[in-house]
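Got your viewer open? Let's take a walk through this one, a stop at a time.

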Amino acid sequence: MSVKKFMYVNRKAPYGTIYALESLEVVLIGAAFDQDVSLAFIGDGVYQLTKGQNTEAIGQKNFSPTYSALGDYDVNKIYVEKESLEERGLTLDDLQHLVWEDEDDDWAEKDSIRLVSRAELADVLDEQDIILSF
Amino acid sequence: MALLHTVNKSPFESNTFDTCLGLAKDGSTILLIEDGVYAATTGHSVAEKIKNASGISFAVLGPDLQARGLEGKLADGIKVVDYEGFVTLVTEHDAVQSWL
């Protein structure tokens with residue numbers, strides 16, 4: 001079976017709707033199939049990655065710690081659109097620091113998040129075989 | 001007659017906040033809940049609109065702000081309330097307009 005390039009596009013804020021959690025579940029399931037997986041966070045989707053989420057008082061599951069496990073599933077291409085962050089008054093510092101270990105480089109810890117411009121992200125989307133939108 | 005308006009949509013995803021702001025009179029309160037809390041943070045175009053709406057009081061539901069990890073980015077002049085505070089706001093106003 002040939003490896004295909006899968007892109008999961010995330011455009012919704014967490015908790016207000018179920019899209020963010022559902023996307024994460026599908027990514028984790030898909031990770032078992034050894035495909036070339038990328039994630040993109042655009043628009044309100046960037047809010048999914050904010051650090052310090054605490055859902056205790058709203059009685060919903062805090063699924064934000066799961067993003068830091070993606071590296072263990074070889075999901076390490078996480079594209080965050082720069083313009084979307086800026087429009088919302090956010091910087092990379094407001095997001096979780098997501099890393100993965102590169103087995104081809106003596107398990108060196110590397111950043112998973114790639115901050116890209118809208119134009120760069122357009123090129124990344126253009127390279128994909130399959131795009132799933134949430 | 002003072003209304004309590006609640007907004008539960010992100011201002012970046014929907015025009016609900018803008019519609020509410022356009023129809024809210026001086027003396028009324030806009031309470032930001034659920035994804036509406038994103039309007040209550042600093043450093044973007046919506047924060048300017050809140051700053052300029054001097055006759056309107058703004059409040060945000062703390063539990064929804066905490067869930068989204070944005071307590072540290074709350075704009076000045078927006079009151080944080082808990083669920084009890086939400087109920088108090090309801091009792092202090094003549095009617096509630098829940099924008100959906």
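In what order do the elements of chain A run from the N terminus on? Keep in mind that this is a predicted model, then colour chain A by secondary structure and trace along: the order is β-α-β-β-α-β-β-β-α-β. That comes to three helices and seven strands.

**Stop 1: the whole chain.** Zoom out so that chain A fills the window. Its C-alpha atoms fit a box of roughly 45 × 30 × 25 Å along the principal axes. The radius of gyration is 14 Å, which agrees with the value near 14 Å that a compact globule of 134 residues would have. Buried residues account for 36% of chain A. Of the contacts in chain A with a separation of 6 or more, 76% link residues 24 or more positions apart.

**Stop 2: the sheet.** Now select the strands S6, S3, S2, S1 and S7 of chain A. In that order they form an open sheet of five strands, with parallel pairing. Look at the edges: S6 (113-116) and S7 (130-133) of chain A each have a single partner strand, so one side of each is left without a neighbour in the sheet. On average, neighbouring strands here are turned by 25 degrees against each other, direction ignored.

Next, pick S1 (residues 5-10) and S2 (residues 36-41) of chain A. These two run parallel and are joined by six bridges. For one pairing to click on, take Phe6(A), whose bridge partner in S2(A) is Val37(A).

**Stop 3: helices on the sheet.** Add helix H1 (residues 19-30) of chain A, which packs on the sheet and touches S1, S2 and S7 of chain A. The direction of H1 makes about 165 degrees with that of S1(A). Then add helix H3 (residues 118-126) of chain A, also packed on the sheet, where it touches S1, S2, S3, S6 and S7 of chain A. The direction of H3 makes about 145 degrees with that of S3(A).

**Stop 4: where the chains meet.** Bring chain B into view. Here 19 residues of chain A are in contact with 19 residues of chain B. On the chain A side, six are nonpolar, nine polar and four charged.

**Stop 5: Thr50(A).** Finish in the loop between S2 and S3 of chain A, where you'll find Thr50(A). Is Thr50(A) buried or exposed? Thr50(A) has 20 other C-beta atoms within 10 Å, so this residue is buried. Select what Thr50(A) touches beyond four places in sequence: Asp94(A) and Leu95(A), plus Arg68(B), Gly69(B) and Leu70(B). Asp93(A) is 43 residues from Thr50(A) along the chain, yet their C-alpha atoms are separated by 8.9 Å.

Definitions and conventions
Residues are numbered from 1 along each chain as its sequence is written. Chains are lettered from A and ligands numbered from 1 in the order in which they are written. This is a predicted model: local features need pLDDT of at least 70, side-chain atom pairs count only at pLDDT 80 or more; totals for chains, interfaces and linings use all residues. Two residues are in contact if their C-beta atoms, placed from the backbone, lie within 7 Å. Ala, Val, Leu, Ile, Met, Phe, Trp, Tyr, Cys and Pro count as nonpolar, Asp, Glu, Lys and Arg as charged, and the others, Gly among them, as polar. Two strands pair if DSSP finds at least two bridges between them. Helices (H or I, at least four residues) and strands (E, at least two) are DSSP runs, numbered from the N terminus. Axes are lines fitted to C-alpha atoms, for helices over the stretch in contact, and angles run from 0 to 180 degrees between N-to-C directions. A residue is buried if 20 or more other C-beta atoms lie within 10 Å of its own, exposed if 12 or fewer, and partly exposed in between; C-beta atoms are placed from the backbone. The radius of gyration is taken over C-alpha atoms; the globule rule is 2.2 Å times the number of residues to the power 0.38.
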